[in-house]
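Student: I would like a close look at one part of this model, the aromatic rings. Please take me through it step by step.

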Amino acid sequence: MPEPRLGYENLGLGVGLRHPHFNYILENWPAVDWFEIISENYIDSQGRPRHVLDQIAERYPIVMHGVSLSIGSTDPLDFEYLNKLKTLSAAINARWISDHVCWTGVAGKNTHDLLPIPYNEETLKYVAQRVVQVQDFLERPLVLEDPSSYVTFAASTMTEWEFLTALTQETGCGLLLDVNNVYVSAVNHDFDPARYIEGLPWESIVQFHLAGHTNMGDYCIDTHDGHVIDPVWKLFCLAHQRTGGVSTLLEWDANIPDFNTLHAEVLKAKKLIEGQPIAPTADEKSNGSQVPHPAHRIEHEVS
Amino acid sequence: MASSKSHRADLPVLQKWMQAVITHVGGVANGIDSSAARQHIDVEVANVESVVTRSEKRTSVERLEVYANAYHARLVECLKSIFPIFAQTVGDELFYEFAVSYLQQYPSTSYTLNRLGDHFPDFLEKTSPNYGTDTLAFEEFLVGLAVVERSIDEVFDGPGFERQAAVSPQTLEGMSPEVFWESRLKTVPCLRLHSFPFPINDFITQAKQSPDAEIPEFQPSWLALSRREYVVRRIPLTRFEYHVLARLEGGLRVGDAVENAMVEVGEPEDLPGVVAAAFRKFAAEQLFLSIQPGNERTNTW
């Protein structure tokens, strides 16, 4: 068993906590290893979302995954937001806090998208000092995810995996390796996804993400609205082999199925880890949503 | 003419340019040509590869379009989830137009999507052709609908009183009329009061049952929103009840609240019966968190 990375243990196989499953979870307490929440859905909640989370956090490990840190933005860091992250993480004993290597907006605006940054020395220096600031404030290592992306910049002088490697070396942050994002970006930017995984600092990888996507023909969109496809499972196996195994989580954010279907999907990872075959996934979806995640919001309930 | 050489723009410049391009309402090509983008990077569509590289199969513009399409689609969907009955009532096409216009005027400035609709009712009111007039037409009905749905969203995830006991009807019934008259009642933190020139709440009830609910005629209505066991409740009020509750919420004593409400709506027949029924209803709906009993004084019933 590998040593916990950055002190963050392997939590096993988890799923993203989504509101259509609230009642099922509270009534059945399913045998899932852990849950990941979208931080922004809970840091201000004084209603049912927080009430449900508090009950779930008493029984399961929780990881906080954010979409608005905007670590790559040239706007100032939002310390009020960071303070809310810190407060919630203490209240629910969050095992770690993660977000994405991206920017979400600039000049005070938030596009609520995970926008890519150019990968070069200047950006690396800039993002690294922000990561250090955030880690100092949160008093814990930050865990950052590789984003799926649809453009690359003329200003880039290094690959994404080179950038992430350098970022972990500069800051000591952890990596959340989304193997589906690697696949999506590989299709969109014409690189070999296996080479990407081989090029990462495996010892810094704290967590994996798995998800489905939509194949648009000459590009892919990271829609989180279906099963994980076989090429992504192959990348997962490679990443598992290289890291020795880390906490693994399935995200499913649109066309959300019943909880058992969701849980069964992530349990395929267990079979693969044990060397067993899994049933092949049907062909890649080509007619799903065309909106990349995140579109996370908990809808109200009214009598 | 803009140069076709690689643009090594600083990160702040590149981000402001990209944001201007992908949030432009006219699409990516128009966005690149817009002054909002060109003030940051003065590049023509034909030369945009000098900023955003192409892939083997897709041009730079096509690649940027993924973000541009997603920007509006994502936020319009989010607004639809905050204002579901409004969206159902106006239909997808008109809702998209409203939402995109709104987002141009009020782009998100928050880390959370929960604040995205905060200005939508105001936006609708101020862009109504009847704004500033006494006309009450379909547009004003829509404003009322948006106000309620925004309020429901706020009550759903805002402060509540689930871990505290509310004042029961029995507690109120156990008080002498004199003490009760001089008392102050603290309303629950999730109480929201609304008055409308249209029967908005009745329409919402009908629209939840059928997407073809008929748009109602002018008819004033009054509504309280509250929350119990984490579910938002809609409580229709009479005009008198609305004014009493509004004044209690403002901190007036029961007697003063009732007398003020009477100034507003006139004295109802059987005032003691009407007041007793109103407070029974308020307490049954758990609208009071606590009561500060007053000193005995002869009431004016």
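Tutor: Start with a cut-off: a residue is buried when its relative accessible area is under 20%, and exposed when that area is over 50%. Keep in mind that this is a predicted model.

Now take Phe83(B). Its relative accessibility is 0%, so Phe83(B) counts as buried. Its partner is Phe120(B), in an aromatic pair. The two ring centres are 4.8 Å apart, and the planes meet at 45°. That makes the pair tilted: its angle is neither under 30 degrees, as for stacked rings, nor over 60, as for edge-to-face ones.

Where do the two rings come from? Phe83(B) sits in the loop between helix H4 (60-82) and helix H5 (84-90) of chain B, while Phe120(B) belongs to helix H7, so the pair ties together parts 37 residues apart in sequence. Phe120(B) is buried because its relative accessible area is 1%.

Phe120(B) has another aromatic partner, Phe86(B). Here the centres are 5.4 Å apart and the planes stand at 80°. This pair is edge-to-face. Phe86(B) lies in helix H5 of chain B and Phe120(B) in helix H7, so this pair joins parts 34 residues apart in sequence. Both Phe86(B) and Phe120(B) are buried.

Next, widen the view. Phe83(B), Phe86(B) and Phe120(B) belong to a cluster linked by ring pairs. The other members are Phe95(B), Phe98(B), Tyr102(B), Tyr106(B) and Phe123(B). Over all chains, the structure holds 32 aromatic pairs.

Follow helix H7 (120-127) to the loop that lies between it and helix H8 (138-157). Ser128(B) is found in that loop. Its relative accessible area is 8%, so Ser128(B) is buried as well. The side chains of Ser128(B) and Glu140(B) share a polar contact of 2.8 Å. Leaving aside neighbours within four places in sequence, Ser128(B) is in contact with Glu139(B) and Glu140(B).

For contrast, look at two loop residues of chain B. Glu229(B) lies between strand S4 (221-228) and strand S5 (231-237). With a relative accessible area of 61%, Glu229(B) is exposed. Asp270(B) lies between helix H13 (254-265) and helix H14 (271-284). Asp270(B) is exposed too, at 55% relative accessibility.

Finish with rings in chain A. The charged end of Arg59(A) sits over the ring of Trp29(A), 3.9 Å from the ring centre. Lys86(A) lies over the face of Phe137(A), at 5.1 Å from the ring centre.

Technical notes. Residues numbered from 1 in each chain as written. Chains lettered and ligands numbered in written order. Predicted model: local features only at pLDDT ≥ 70, side-chain atom pairs only at ≥ 80, totals over all residues. Heavy atoms only, no water. Helix = DSSP H or I, 4+ residues; strand = E, 2+ residues; numbered from the N terminus. Buried < 20%, exposed > 50% of the residue type's maximum accessible area, 1.4 Å probe, protein only. Polar contact = N/O pair within 3.5 Å; in protein donor to acceptor, adjacent residues only side chain to side chain. Contact = heavy atoms within 4.5 Å. Phe/Tyr/Trp six-rings, centres within 6.5 Å; stacked < 30°, edge-to-face > 60°. Lys NZ or Arg CZ within 6 Å of the ring centre and 35° of its normal.
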